[in-house]
Amino acid sequence: MAYLTSNEYKIMTGQASPDNFDELEIDAENIINSVTNYYDPAFGLHDLAADASSPFNYLVQQATAFKKAVALQVKFLNDSNSSSAFDMQQQNLASYSVGGTSMSFKNGAIDNLADSSTGLANTARNLLGRAGLLFKGVDHL
């Protein structure tokens, strides 16, 4: 089951969903699951739909933040015309020249907007971090 519907995307971003929304949503799921295992069905820790309608406010807030992060990642993938960290690195702009003017970036342009190893947009990472959803290794002992 998808983490986000096209209608939720429209509500969260204020923009119509892209034509390839379903593909981008799956790509966003894969990228986000690489940094958090909280709602990943393979681990079964939490159910996103149940948390979104939970009587506990903190679970609703986490579920809402998670969905918003997915929406931001879908938007980023659509805007950057990529579907993975590999695609982003292939398109990563490091320098350009127009006429006699040249500009070089210390890092590539994508590196300033996303994590180069995962492809996760910085805005989505920050939102997941504030909600306490980033996975750093040991789940429990």
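**Exercise 1. Work out which residues of α1 meet which residues of α4, and how the two helices are oriented to each other.**

Solution. In this predicted model, start from the residues in contact: on the side of α1 they are Glu-8, Tyr-9, Met-12 and Thr-13, and on the side of α4 they are Thr-64, Lys-67, Lys-68, Ala-71, Val-74 and Lys-75. Next, sort these residues by character, which gives four nonpolar, two polar and four charged residues. Then turn to the geometry: helix α1, which covers residues 6-13, packs with α4 at an angle of about 90°, and the two axes are 10 Å apart. Angles of 65 to 115 degrees count as roughly perpendicular, and α1 and α4 are therefore roughly perpendicular to each other.

**Exercise 2. Decide whether Val-74 is buried or exposed, and find the residues with which it is in contact.**

Solution. Begin by placing the residue, since Val-74 lies in helix α4. Its relative accessibility is 0%, and buried means under 20%, so Val-74 counts as buried. Now list its partners, leaving aside neighbours within four places in sequence: Val-74 is in contact with Tyr-9, Phe-21, Leu-24, Glu-25 and Ala-28. Finally, take one of these partners, Tyr-9, and compare the two kinds of distance: Val-74 and Tyr-9 are 65 residues apart in sequence, while their C-alpha atoms are 8.5 Å apart in space.

**Exercise 3. Describe how α4 packs with α6, giving the angle, the orientation and the residues that meet.**

Solution. First note the extent of each helix, with α4 covering residues 57-80 and α6 covering residues 122-130. These helices pack at an angle of about 170°, and their axes are 8 Å apart. Angles over 145 degrees count as roughly antiparallel, and α4 and α6 are therefore roughly antiparallel to each other. The next step is to name the residues that meet: Ala-65, Phe-66, Lys-68, Ala-69, Leu-72 and Gln-73 come from α4, whereas Thr-123, Ala-124, Leu-127 and Leu-128 come from α6. Sorted by character, the residues of this contact are seven nonpolar, two polar and one charged. For a closer look at one pair, consider Thr-123 and Leu-72, which are 51 residues apart in sequence and 7.1 Å apart in space, C-alpha to C-alpha. Thr-123 is in helix α6, and it is partly exposed, with a relative accessible area of 48%.

**Exercise 4. Find the buried residues of α6 and explain why they line one face of the helix.**

Solution. Start by listing the buried residues of α6, which are Ala-124, Leu-127 and Leu-128. Looking down the axis of α6, one finds these buried residues within an arc of 100°, so they line one face of the helix. The following step asks what that face packs against, and here the buried residues of α6 pack against α2, which covers residues 21-33, as well as against α4. To finish, follow the chain past the end of the helix, where α6 is followed by Gly-132, a residue with a positive phi near 75°.

**Exercise 5. Determine whether Asn-33 is buried or exposed, and which residues it touches.**

Solution. Asn-33 has its place in helix α2. With a relative accessible area of 18%, Asn-33 is buried. When residues up to four places away in sequence are not counted, Asn-33 touches Tyr-3 and Asp-40.

**Exercise 6. Summarise the protein as a whole, and state where the confidence is lowest and where it is highest.**

Solution. Count the elements first: the protein has six helices and two strands, which run α-α-α-α-α-β-β-α from the N terminus on. Of its 141 residues, 37% count as buried. Among contacts with a separation of 6 or more, 56% are between residues 24 or more positions apart. Turning to confidence, the average pLDDT of the protein is 81, and 75% of the residues score at least 70. Confidence is lowest in helix α5, residues 85-90, with a mean of 55, and highest in α1, at 94.

Conventions: Residues numbered from 1 in each chain as written. Predicted model: local features only at pLDDT ≥ 70, side-chain atom pairs only at ≥ 80, totals over all residues. Heavy atoms only, no water. Axes fitted to C-alpha atoms, helices over the stretch in contact; angles between N-to-C directions. Helix = DSSP H or I, 4+ residues; strand = E, 2+ residues; numbered from the N terminus. Parallel < 35°, antiparallel > 145°, perpendicular 65-115°, else oblique. Contact = heavy atoms within 4.5 Å. Nonpolar A, V, L, I, M, F, W, Y, C, P; charged D, E, K, R; others polar. Buried < 20%, exposed > 50% of the residue type's maximum accessible area, 1.4 Å probe, protein only. Arc of directions from axis to C-beta. pLDDT = per-residue confidence, 0-100.
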